[in-house]
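Student: Could you take me on a close look at the place where the two chains meet? I would love one connected explanation that I can follow on the structure.

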Protein chains: 2
Amino acid sequence: MREVCVIGIGQTPIGELWEMSLRDLGAAALRSAAQDAGIEQVDALYVANMLAPRLSNQAHLGALIADFVGWRGIEATTVEAACASGGAAFQTAVRAIASGMIDVAAVCGVEKMTDATTGPVTSALATAADADFEGAHGASFVALNALVMRRYMYEYRVPHEAFGPFSINAHQNAVNNPNAMFRKAISEKVYNNAPMIADPINLYDSSPICDGAAAIILCSLEMAHDLSKNTPIRVLASATATDSLDLANRRDMLALEAARMSAAKAYDRAKLAPSNIDVFEVHDAFSIMAALSLEAAGFAERGKGTYLAQDGEITVGGRVPISTMGGLKGRGHPVGATGVYELVDLITQLRGEAGANQVPNAAIGMSQNIGGTGATVVTHILGREN
Amino acid sequence: MREVCVIGIGQTPIGELWEMSLRDLGAAALRSAAQDAGIEQVDALYVANMLAPRLSNQAHLGALIADFVGWRGIEATTVEAACASGGAAFQTAVRAIASGMIDVAAVCGVEKMTDATTGPVTSALATAADADFEGAHGASFVALNALVMRRYMYEYRVPHEAFGPFSINAHQNAVNNPNAMFRKAISEKVYNNAPMIADPINLYDSSPICDGAAAIILCSLEMAHDLSKNTPIRVLASATATDSLDLANRRDMLALEAARMSAAKAYDRAKLAPSNIDVFEVHDAFSIMAALSLEAAGFAERGKGTYLAQDGEITVGGRVPISTMGGLKGRGHPVGATGVYELVDLITQLRGEAGANQVPNAAIGMSQNIGGTGATVVTHILGREN
């Protein structure tokens, strides 16, 4: 098995990018990543996307974007696992290179949620949940997360205010990220007085509808120094686990079982423990998911995720810095692209290029990309070359 | 790099399966494949699907089907490349095993085109083409293929009747396939007098709207004999190439450039030539694609694909047997599942289990799975263990 590493990253700013189409976004991120790596050609492209067939009448994004970026002819496909598509596409690239069949691969997470030509975004997002047993009853995706959050608050006697630090930390970190959608800090008061979206999820518990693309160039470790002047960032572990799509069939709605299994597999493969992780990019699509992810990945005991946040441990200077460039809440959550953005942010930290948000001495980091209400979880552990 | 092989295959009949949902279809094919292999568990599942988000309000099929078949927790994702999704998902599985990171993988191609809850199938199929430059003008997928066929007939002075043998051969072979949708032979007269769908594509040039699922179990060659009593079928080559999505941007509309490149890469990796291929499962979604695929893969010169058919060389007893279990025309074309059906039919031949349709001494076979009007092509070469 060949060792795999990252030699280039790129991204577009996240926002309501009315002037950019799906292919514009994908190509912009890929060109930026290729330029960063100092390469002009790749052998394969793996596109992560969830909503294009629904919102842009466009499937078949692999060939489309490969052609538009100037790489006509290369191997190209799309990987989908709802909001975990980005992590899954990165894993596909890691495997392709590790197998020895592909030398240089690009991953591009792209999503265009504005300008939808075919119906509401809410219905499209609901395709991440079980269409027959949840969607058919009219349960939107935010409503399902609200059920989980309400249950968590009841079960562990945690008040809504306890989730505030997740959103406040994410927004604070987004201020210094030029690619973030919301570059403004929020106070505890603003959080507590925000309008409800789906009780108990309020405006600041919920990530935005937005457009964006992020890209990563990977190659085998032995080729890295010949191909690129960048310090390679090694892929130490890549692990996916799944659970039932519908909440009603989970063995334990608050356990985020797929996140636990995915993290356990990743720690095992990398021969590392939570204490070795210097920075953790969580999937804070909703505040409740940040808390559950911290618990499932072994950073907090069950029901204690919010305590970690309240103690300031999740900030850039804390014990487990999360959402360091703004997370899904502050940076934005273009769903199929999010897993790639998480990895780009993580790699930025491991390269020591995170500027004002730099986690001191970040050498090993983890990202956790969640699809649906926890039905697919992809965990990656990356490390700086010593 | 580990050698990869197939140890199990399964499928549902193809048809208008009103009583089966997406998950029913996927699970039925997977159970059948697992039973055929004699295994009960896999490490990963790669689902091939194109239309579920559009037609069934369901994305996130990896976790959904893994759970429903009884494999909750395993790695699972969806791979999409329009009608080439099946080939692309199989390639993802091959890479995962070759990398050493996954030992036993399942591939499941599944598509449910009937019972659509969200608009016409024709609009959903058009997402395989370029939404901005083709779909926006109202070009349906069959209309785009009709343009190619009309150009071919004009350029090479080939009459419509010359395509008849493709459809007649496919229907003849479907008669003996219990899983085929159309188990009846057609005559030359029936072909020539069929109603037009999109001139010059008539009813018998065009594959049907249908439901179905096919599945394959793969593992490393060294594990095969311990895991299964079946004779392993080796994956000798797996290659993908792409072209522009829109026809107008092709360098040559009649060259099927991605098929040529994909086949060339596959021959190169397997160290084989067209003359070594005993059976060739082509992507005859439309008769014109069968002709172009034969030319691109080196079995006929440019413009001579129909001659091969007219000479009887494409029948089970011919030099290049194609569509041996009915192909997309006779067996059926549940789009995202088709690439897996092609491989299942090929493996059936290489195992010598094709019954009345058995190609004598079939030891090496090829499948070519085409997405869009030729924008993604995945070629696989498989071989019987000697």
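Tutor: Start with E80(A), and keep in mind that this is a predicted model. The bridge partner of E80(A) is T78(B), which sits in strand 3 of chain B. That bridge belongs to a pairing between two strands: strand 3 of chain A runs alongside strand 3 of chain B, residues 75–80, in the antiparallel sense, and the pair is joined over three bridges.

Now widen your view from this strand pair to the whole meeting of the chains. Here 51 residues of chain A are in contact with 51 residues of chain B. On the side of chain A that touches chain B, the elements giving two or more residues are helix 2, helix 3 (61–68), strand 3 (75–80), helix 4 and strand 8 (233–242) of chain A. Which of them gives the most? Strand 3 of chain A does, with six residues, and this is the strand that pairs with strand 3 of chain B. Sorted by class, this side of chain A holds 22 nonpolar, 20 polar and nine charged residues.

Next, let us stay in chain A and see how the chain itself is divided. Domain 1 of chain A takes in 4–119 + 209–233, while domain 2 of chain A takes in 121–204 + 235–384. Taken over C-alpha atoms, the centres of these two domains are separated by 22 Å. Where they touch, 42 residues of domain 1 of chain A are in contact with 41 residues of domain 2 of chain A. On the domain 1 side, two or more residues each come from strand 1 (4–11), helix 2 (52–55), helix 4 (85–98), strand 4 (104–112) and strand 7 (211–220) of chain A. Helix 4 of chain A gives the most to this side, with seven residues. By class, the domain 1 side divides into 28 nonpolar, 11 polar and three charged residues.

You may recognise two names here. Helix 2 and helix 4 of chain A are among the elements listed for the side that touches chain B, and they are also among those on the side of domain 1 that touches domain 2.

Finally, hop over to chain B for a pair of helices. The axes of helix 10 (residues 257–270) and helix 11 (residues 287–296) of chain B come within 8 Å and cross at roughly 40°, so these two helices of chain B are oblique to each other. Helix 10 of chain B passes helix 11 of chain B in a right-handed crossing.

Key
Residues are numbered from 1 along each chain as its sequence is written. Chains are lettered from A and ligands numbered from 1 in the order in which they are written. This is a predicted model: local features need pLDDT of at least 70, side-chain atom pairs count only at pLDDT 80 or more; totals for chains, interfaces and linings use all residues. Axes are lines fitted to C-alpha atoms, for helices over the stretch in contact, and angles run from 0 to 180 degrees between N-to-C directions. Helices (H or I, at least four residues) and strands (E, at least two) are DSSP runs, numbered from the N terminus. Angles under 35 degrees count as roughly parallel, over 145 as roughly antiparallel, 65 to 115 as roughly perpendicular and the rest as oblique. A crossing is left-handed if the near helix is turned anticlockwise from the far one by less than a right angle, and right-handed if clockwise. Domain bounds come from an automatic or database domain assignment. Two residues are in contact if their C-beta atoms, placed from the backbone, lie within 7 Å. Ala, Val, Leu, Ile, Met, Phe, Trp, Tyr, Cys and Pro count as nonpolar, Asp, Glu, Lys and Arg as charged, and the others, Gly among them, as polar. Two strands pair if DSSP finds at least two bridges between them.
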